[in-house]
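Colleague: I would like a close look at one part of this model. Please take the strand at the start of the chain and its surroundings, then go on to the rest.

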Amino acid sequence: MTQFDFLVIGSGSAGLSFALEVADKGTVGIITKKERAESNTNYAQGGIASVLDTADSYEKHVEDTLVAGADLCDRQVVEEIVKSGPDTIRKLIAMGAEFTKREGELHLVREGGHSHNRIIHADDMTGREIERVLLAKADEHPNITILEHHFAVELITEHHLGMKVTKYVDKTCFGAYVLDTNTDKVERVLARVTLLATGGAGQVYLHTTNPEIATGDGVAMAYRAKARVSNMEFIQFHPTSLWHPEADSFLISEAVRGHGAILRNTDGEAFMAQYDPRKELAPRDIVARAIDDQLKKRGDEYVLLDVRHLGEAELRKTFPNIFSKCLEHNMNMAADLIPIVPAAHYMCGGVWTDINGQTTINNLFAAGEVACTGLHGANRLASNSLLEALVVAEKAAKVAAGVMKRTDFRTDIPEWDDSGTFDTEEWVLVSHDKRELQQIMTDYVGIVRSDLRLMRAFRRTRLLHEEVESFYKKSKISVPVCQLRNMIAVAYLIIRSALLRKESRGLHFTTDYPNTNEVAEHHNIL
């Protein structure tokens with residue numbers, strides 16, 4: 001049994017920021033299922049949205065966020081996070097973050113949905129730069145321990161003490177059961193305070209810009225622990241991921257369209273004006289649906305992104321990583337049209353929290369993509385995600401420090417019981433079920449939905465759930481089975497939430513209810 005004052009599950013921007021804020025107040029354990037730098041943050045190309053130009057204003061940033069969120073954002077949360085932006089940027093710079101500058105000033109760019117240039121970036125690898133700085137600081141702090149190759153299996157609550165737990169009764173998190181993949185042993189990791197910072201769930205879909213780790217572990221664990229989960233129907237599909245059999249849905253950043261890229265169909269026609277007067281700078285949901293419509297009408301596999309007019313020098317300077325990646329696949333952005341398709345990118349719903357990251361379970365916090373604070377509403381405004389992760393993590397740390405002081409460890413937690421289980425070699429079943437789940441979600445719960453498609457997905461994922469639960473209960477714990485189990489739970493939450501929303505709003509578009517109600521109906525809270 002291991003004990004930390006603060007247990008952080010996940011090593012992205014939210015988890016590391018939280019850890020650094022609380023480390024002077026107690027011991028911190030950060031568990032990550034891969035290497036410490038493997039996180040959604042590390043793959044974030046675009047940047048951080050913040051009001052730093054005197055010609056810009058908080059009011060404009062707030063309004064852009066509310067418009068993108070299709071009237072489902074919590075205005076108070078939006079205002080507080082937006083106003084925290086400049087201090088967050090200054091703090092990162094003080095830590096050593098090196099953001100792109102032009103003529104000695106921070107280079108601010110614009111992305112879809114923004115009315116002003118306000119995206120701070122580190123070329124096209126902003127997430128990697130933030131991760132680098134935060135990890136360096138975490139490594140320096142004597143109170144922080146980072147446990148790589150540790151996988152959180154379940155959150156520990158009263159349920160593990162034999163008490164009946166429902167989502168409507170008071171519950172407390174005492175830590176987590178964690179699989180050490182080096183020893184294949186499940187350990188009890190106890191904590192006074194636990195933070196979920198596990199990122200998103202893009203791997204639920206066949207095409208995603210997310211890394212392999214994005215399997216929805218935090219949402220699934222929280223839901224099984226009877227935490228409330230909100231707005232899971234709103235899955236953001238990035239309009240422009242590289243279409244190539246070997247590119248693994250590599251992201252072509254939003255900033256490329258913000259810099260003047262044009263979307264064309266395979267006949268070379270610029271088509272965005274048919275769908276929205278903002279053309280390529282429309283919010284992502286509109287652009288993704290426009291591309292989806294073009295693909296279905298024309299029977300094409302991809303559309304084309306045109307940046308040839310920007311010139312090679314500008315492209316290499318502004319988007320060095322993307323330019324290099326395209327060259328690896330024999331595509332020169334300065335001379336060639338780049339084939340792209342939409343891919344699952346960001347989960348706007350998640351574990352329901354307030355602006356301080358507090359969930360509906362005592363002593364359990366959540367921050368980053370795993371959480372639903374009310375900032376994003378029905379659609380995330382580009383580059384608001386890193387801002388939210390950093391701001392909410394800092395706010396959560398302040399509240400969590402007080403919780404830690406008045407909380408004792410619960411030491412009567414039973415050891416993990418794996419009696420009656422056995423090692424199995426039937427891993428082909430896991431890989432097959434994973435592929436089937438991803439295909440179902442892509443075909444029936446994608447950019448455009450219908451009740452018929454959703455019900456078909458519901459029936460088929462229920463069968464997968466029964467099959468995998470049976471396999472899970474009789475097999476020794478393993479990461480592939482746990483991840484698949486989590487993915488199926490997240491798929492269920494997405495489908496169920498989508499069926500509950502009888503309108504089209506933001507990222508949720510259904511052919512059965514194509515109109516948006518005059519007043520936002522509700523938040524789906526499961």
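Modeller: What follows starts with the first strand, then moves to the loop after it, a small sheet, a buried aspartate and a pocket. Keep in mind that this is a predicted model.

Start with β1. Six of its eight residues are buried, so this strand is mostly covered under the 20% cut-off for relative accessible area. β1 has two strand partners to look at here. One is β11, residues 185-196, and the pairing is parallel, over seven bridges. Within that pair, V8 stands opposite L195. The other is β2, residues 28-32, which also runs parallel to β1 and is joined to it by four bridges. Here I9 has I31 as its bridge partner. As general background, strands of a sheet pair through backbone hydrogen bonds, either parallel or antiparallel.

Now step past the end of the strand. The loop between β1 (2-9) and α1 (13-22) holds S11. Is S11 buried or exposed? S11 counts as buried because its relative accessible area is 4%, under the 20% cut-off. The side chain of S11 also makes a polar contact of 3.2 Å with the side chain of T32. T32 falls within β2, residues 28-32.

Next, the small sheet. Three strands form an open sheet in the order β3-β7-β6, with antiparallel pairing. β3 and β6 (108-109) are the edge strands, each pairing on one side only. β6 and β7, residues 119-120, are antiparallel and share two bridges. L108 is matched there with I120 in β7.

β3 also leads to the aspartate. D56 is in the loop that runs between β3 (48-49) and α2 (58-68). D56 is classed as buried because its relative accessible area is 7%, again under 20%. Leaving aside residues up to four places away in sequence, D56 touches V51, H116 and R118.

Last, the second largest pocket. Its space comes to about 540 Å³. The lining has 25 residues, and E154, H159, H160, W416 and Y472 are the closest to the centre. Which elements supply at least two lining residues each? Those are β9 (150-156), α6 (217-224) and α13 (451-474). By class, the lining has ten nonpolar, ten charged and five polar residues.

Definitions and conventions:
Residues numbered from 1 in each chain as written. Predicted model: local features only at pLDDT ≥ 70, side-chain atom pairs only at ≥ 80, totals over all residues. Heavy atoms only, no water. 1 Å grid on protein atoms, 1.4 Å probe; cavity = no way out; pocket = protein on both sides within 12 Å on 5 of 7 lines; lining within 4 Å. Points joined across faces, edges and corners; volume = space filled by probe spheres on them. Nonpolar A, V, L, I, M, F, W, Y, C, P; charged D, E, K, R; others polar. Buried < 20%, exposed > 50% of the residue type's maximum accessible area, 1.4 Å probe, protein only. Contact = heavy atoms within 4.5 Å. Polar contact = N/O pair within 3.5 Å; in protein donor to acceptor, adjacent residues only side chain to side chain. Pairing = 2+ DSSP bridges.
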